[in-house]
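User: Could you take a close look at one part of this structure for me? I would also like to see how it sits within the chain as a whole.

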Amino acid sequence: MALVTFLPNVWLGVALQAKYYSHGSMTTKLAYLAGMVVITSVFFMVRLLLVYPVGFAWLINWLLEGSGPAFRVVLAVVVPPMVDAIQSVVLISTGMESEQEAMPVQC
């Protein structure tokens, strides 16, 4: 769920970074940063609503009840670094795309 609710941040970063941060004034850079903080906070709250009140946490718990404790430990050790790695790759690729857009065209 963390990865899914992180994707709007990536989309907005790709859509707005070149115009408002890379090519913008100090005011637009600060507005961009503030906007990203707000979007991150909003989608964190969306994640909490999806995980608990909607029942995603209950569903995952129900799916894992039939598995043994060793499998659950391995899953708990493997999944968070895997999600972090995916998020890092997406952010790095987004930054590289925005950096290429910000570079002037040379003939």
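Analyst: Happy to. Ser 67 is buried, because its relative accessible area is 19% and the cut-off for buried is under 20% (exposed is over 50%, partly exposed lies in between, using a 1.4 Å probe and protein chains only). This is a predicted model, in which local features need pLDDT of at least 70 and side-chain atom pairs count only at pLDDT 80 or more, while totals for chains, interfaces and linings use all residues. Residues are numbered from 1 along each chain as its sequence is written, and side-chain values use heavy atoms, with hydrogens and water left out.

Ser 67 belongs to the loop that links helix H3 (56-65) with H4; helices here are DSSP runs of H or I with at least four residues, strands are runs of E with at least two, and both are numbered from the N terminus. From this loop, the side chain of Ser 67 reaches back to the backbone oxygen of Leu 64, at 2.7 Å. That counts as a polar contact, a pair of N or O atoms within 3.5 Å in which, within protein, one can donate a hydrogen and the other accept it; residues adjacent in sequence count only if both atoms are side-chain atoms.

On the other side of the loop comes H4, which covers residues 69-102 and includes Ile 86. Ile 86 has a relative accessibility of 37%, so it counts as partly exposed. It is one of the members of a nonpolar surface patch, together with Phe 71, Val 73, Val 74, Leu 75, Val 77, Val 78, Val 79 and Met 82. Their combined accessible area is about 740 Å², computed by the Shrake-Rupley method with a 1.4 Å probe, with only the protein chains shown counting as cover for residues. To join such a patch, a residue needs over 30% relative accessible area and no salt bridge; nonpolar side chains (Val, Leu, Ile, Met, Phe, Trp, Tyr) are joined within 5 Å and like charges within 9 Å. A salt bridge here is a side-chain nitrogen of Lys or Arg within 4 Å of a carboxyl oxygen of Asp or Glu.

Now for the chain as a whole. It holds four helices and zero strands, running α-α-α-α from the N terminus. Of its 107 residues, 17% are buried. About 7,800 Å² of the protein chain is exposed, with 75% of that area supplied by carbon and sulfur atoms. Among contacts (heavy atoms within 4.5 Å) between residues at least 6 apart in sequence, 67% join residues at least 24 apart.

Helix H1 (residues 2-22) has a kink of about 60°, centred on Leu 16; the bend is the angle between axes fitted to the seven residues ending there and the seven starting there. The buried residues of H1 include Thr 5, Phe 6, Pro 8, Leu 12 and Gln 17. Asn 9, also in H1, is buried because its relative accessibility is 10%. Its side chain makes a polar contact of 3.3 Å with that of Thr 40. Beyond its neighbours within four places in sequence, Asn 9 also touches Met 36, Ile 39 and Phe 43.

Met 36 shows this pairing from the side of helix H2 (residues 26-51). With a relative accessible area of 17%, Met 36 is buried too. Although 27 residues separate Met 36 from Asn 9 in sequence, their C-alpha atoms are 7.0 Å apart. Met 36 touches Leu 12 and Gly 13 as well.

Lys 29 is another H2 residue, and it is partly exposed because its relative accessibility is 26%. Among its contacts outside four places in sequence are Tyr 20 and Tyr 21, along with Gly 24. The C-alpha of Lys 29 lies 8.8 Å from that of Gln 17, twelve residues away along the chain.

Finally, Val 14 of H1 is partly exposed, with a relative accessible area of 30%. Its C-alpha is 9.7 Å from that of Ser 93, which is 79 residues away along the chain.
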